[in-house]
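User: I would like to learn how the terms used for a protein model are justified. Could we go through some of them together, with the reasoning for each?

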Amino acid sequence: MNSPNPHRKGNKPWNYFPESKTKGCPKCGRTLPFSAFAKSSSAKTGLQTTCRECISKHQRAYRIANLQARREIEAKHRAKNIVPDKWRFCRQRAQKKRIPICTLSEFVAWHEKQPLQCVYCGMSESRSVLQFGRRLHIDRREGNLGYLINNIQLACHRCNVTKNKYITHEQMHEIARNYFRD
Ligand SMILES: [Zn+2]
Ligand SMILES: [Zn+2]
């Protein structure tokens, strides 16, 4: 059997990578032992051009940038669909109860400025989705007033349901403070 030609592309034999040999990494400029490079069957040298450390740094930076991009897409999606859906839901209730409601654009502008957490217990929207399978509700601070900018607030399902129409805004703050803060 012919012994494999080390200059040929493809997998190199195990003894082709002695620990004593070194190679330069063009990215960080260091000269490093072969073990600092991942193997590559497509490279002539049998090793990746850049060192493992540079590759993992690059991947981390890529993941972070990717996460950032995904968050921005999610924010746009929220502005485009989720928030108007919340408004439409409120409008249905407002029509049923014959109470006034702000305009959609007022609502979107208001929502954008809100921290996404329950005004009473502080639960975040993502946690509310996990725990109750529901996004934060649009709660009316004063139950006898409409869905107007100075009367609406974000509340989790638990606080919203607890408050209902019998408990005042101040009483609900006290209940959440005493029983719902985790
Ligand atoms: Zn490097
Ligand atoms: Zn709450």
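User: How do you know what span is expected for helix H1, and what span does H1 reach?

Analyst: This is a predicted model, and in it H1 runs over residues 52-97, which makes 46 residues. The expected span is 1.5 Å times one less than the number of residues, which gives 68 Å for H1, and the 64 Å from its first C-alpha to its last is close to that value.

User: Where does H1 bend, and what makes this a bend?

Analyst: The bend is at Arg-78 and amounts to about 45°; it is called a bend because axes fitted to the seven residues ending there and the seven starting there form an angle. Just after H1, Arg-98 takes a positive phi of about 55°.

User: Why are Cys-54, Val-83, Lys-86, Trp-87 and Cys-90 of H1 called buried?

Analyst: A residue counts as buried if 20 or more other C-beta atoms lie within 10 Å of its own, and these five residues are classed as buried. The buried residues of H1 pack against helix H2 (104-113) and strand S3 (137-140).

User: What describes the packing of H1 and H2, and which residues make the contact?

Analyst: The two helices pack at an angle of about 115°, with their axes 10 Å apart, and the contact is made by Ala-79, Val-83, Pro-84 and Trp-87 of H1 together with Leu-104, Phe-107, Val-108 and His-111 of H2.

User: Which residues does Cys-159 touch?

Analyst: Leaving aside residues up to four places away in sequence, Cys-159 touches Cys-118, Tyr-120, Cys-121, Met-172, Ala-176 and Phe-180.

Definitions and conventions: Residues numbered from 1 in each chain as written. Chains lettered and ligands numbered in written order. Predicted model: local features only at pLDDT ≥ 70, side-chain atom pairs only at ≥ 80, totals over all residues. Helix = DSSP H or I, 4+ residues; strand = E, 2+ residues; numbered from the N terminus. Buried ≥ 20, exposed ≤ 12 C-beta atoms within 10 Å, placed from the backbone. Contact = placed C-beta atoms within 7 Å. Axes fitted to C-alpha atoms, helices over the stretch in contact; angles between N-to-C directions.
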